[in-house]
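Reader: Please take me through one part of this model in detail. I would like a single connected account of a helix, its neighbours and the sheet beside it.

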Amino acid sequence: MPTTYPPPAPTVQGDTVTANRFLNSQTVVARRVKELASERMIALSLLSGRETTNSGSASIEIDDELFTDRPVEQVAPGSEYTLTTIGDGTMQVIKTVKWGQDVPITDEAIARRAMSPVERALTKLVNTGTTNVDQVALALLASSVTQTHAAAAPWSAGDSADPLKDLLLAKAKIRALNLGYEPNALVVDDLTWAYLASNKAITNAMARETQSNPIVTGEYAQIAGLMIWPTPNAPGPGAWMVDTSQLGGLLTEDLGGGYAKAGDVIETKSIRKDDTDSWLVRARAVCTPYVSAPNAAIRITGVSA
């Protein structure tokens with residue numbers, strides 16, 4: 001605890017930045033928030049499209065066809081090509097929403113615990129902010145996707161379960177639409193992931209010659225051409241197969257105000273409050289997720305007993 005007043009000015013020792021100097025740099029704070037936000041957030045990858053607006057809203061085409069309105073016809077020598085139209089999807093107007101929180105950090109806390117209260121504040125801001133964005137995006141996924149495939153048996157049913165077959169049949173349903181969708185990711189809740197990763201039919205088929213085997217690493221990166229994304233923010237038990245390049249995206253808006261970008265959607269700002277001898281650390285996201293191609297995903301039902 002400091003015994004003199006005022007305390008000494010912030011100093012840099014080697015590569016260590018003291019708390020006050022750290023908070024005084026918007027770029028450094030944003031960089032640290034970006035590092036923290038990279039853990040288990042899947043909304044940015046699930047909804048890969050990006051739209052920006054300066055007015056707070058935008059029009060998005062829903063279910064825009066990938067093909068022309070007429071089939072291709074033979075063209076005789078010297079003849080004109082057949083003229084065709086290309087239909088528009090259903091237009092939907094979406095508006096951006098600002099999400100955010102402040103956390104105060106007092107000078108006393110910094111003087112007594114150095115960077116600890118700063119790291120704690122940033123971690124909790126990031127956890128809350130990313131969880132909110134993920135929950136909103138995944139709730140939208142669950143409400144927008146109407147295609148389903150029923151699992152032959154719950155994946156928790158041991159030897160009678162055949163999740164690989166379920167995945168391949170669900171993928172075949174999406175491909176059968178002939179709309180150019182190619183599923184590449186599977187979103188599951190943590191419990192469903194545990195049943196999937198421990199299924200004996202799957203584990204017995206895994207390569208034994210590598211230490212990247214999920215039996216060793218506890219991580220399950222891919223199966224049947226699908227990236228596996230377990231998340232605690234799923235709207236319920238189940239599995240959603242998705243073509244992330246087609247499903248949808250995020251609408252963002254730049255409101256200015258001296259904020260630093262900490263990734264695609266999270267912005268940060270540290271604000272000195274001399275009237276209360278403290279700092280305010282703020283994280284916000286000005287965004288709205290949207291699903292423009294609901295048929296690019298399918299829910300596999302009945303995976304949990």
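Author: Start with helix H7 and what lies under it. In this predicted model, H7 lies across strands S8 and S10. Its direction makes an angle of about 115° with S8.

Now look at the helix itself. H7 covers residues 190-198. Three of its residues are buried: Thr192, Leu196 and Ala197. Where do they sit around the axis of H7? They span an arc of only 130°, so they are on the same side of H7. Those buried residues have several packing partners. Two are helices, H6 (163-176) and H8 (200-205). Two are strands, S8 (185-189) and S10 (226-231).

The start of H7 has a polar contact of its own. Asp189 supplies a side-chain oxygen there. That oxygen comes within 3.2 Å of the backbone nitrogen of Leu191. Asp189 also falls within the range of S8, residues 185-189.

Next, the sheet. S8 and S10 belong to an open sheet of six strands. Its order is S7-S16-S11-S8-S10-S9, and the pairing is mixed. The edges are S7 (148-150) and S9 (222-223), each of which pairs on one side only. In general, strands of a sheet pair through backbone hydrogen bonds, in either a parallel or an antiparallel way.

Take the pairs one by one, beginning at the S9 edge. S9 and S10 are antiparallel, with two bridges between them. In that pair, Gln222 faces Met227 in S10. Further along the order comes S8, next to S11. S8 and S11 are antiparallel too, and four bridges link them. Here Ala185 is opposite Val242 in S11. On its other side, S11 meets S16 (residues 297-301). That pair is again antiparallel, with four bridges. Trp240 is placed opposite Arg299 in S16.

S11 deserves a closer look. It runs over residues 239-242. Which way do its side chains point? Ala239 and Met241 point one way, Trp240 and Val242 the other. All of them are buried. Two of these residues have already appeared in the pairing: Val242 stands across from Ala185, and Trp240 across from Arg299.

Helix H6 ties the picture together. It packs against the buried residues of H7. It also lies across S7, S8, S9, S10, S11 and S16. Against S16, its direction is at about 145°. H7, by comparison, lies across S8 and S10.

Step back to the whole chain for context. It has nine helices and 16 strands. Of its 305 residues, 39% are buried. Among contacts with a separation of 6 or more, 79% join residues 24 or more positions apart. The accessible surface is about 16,700 Å², and carbon and sulfur atoms account for 52% of that.

Two backbone points outside this region may be useful for a geometry check. Ala114 is not a glycine, yet its phi is positive, about 55°. Ala114 is in the loop between helix H4 (107-113) and helix H5 (116-144). Its relative accessible area is 45%, so Ala114 is partly exposed. Asp277 also has a positive phi, near 50°, and is not a glycine either. Asp277 is in the loop between strand S14 (266-273) and strand S15 (278-291). With 40% relative accessibility, Asp277 is partly exposed.

Key: Residues numbered from 1 in each chain as written. Predicted model: local features only at pLDDT ≥ 70, side-chain atom pairs only at ≥ 80, totals over all residues. Heavy atoms only, no water. Buried < 20%, exposed > 50% of the residue type's maximum accessible area, 1.4 Å probe, protein only. Contact = heavy atoms within 4.5 Å. Areas by Shrake-Rupley, 256 points an atom, 1.4 Å probe, with all protein chains shown as cover. Arc of directions from axis to C-beta. Polar contact = N/O pair within 3.5 Å; in protein donor to acceptor, adjacent residues only side chain to side chain. Pairing = 2+ DSSP bridges. Axes fitted to C-alpha atoms, helices over the stretch in contact; angles between N-to-C directions.
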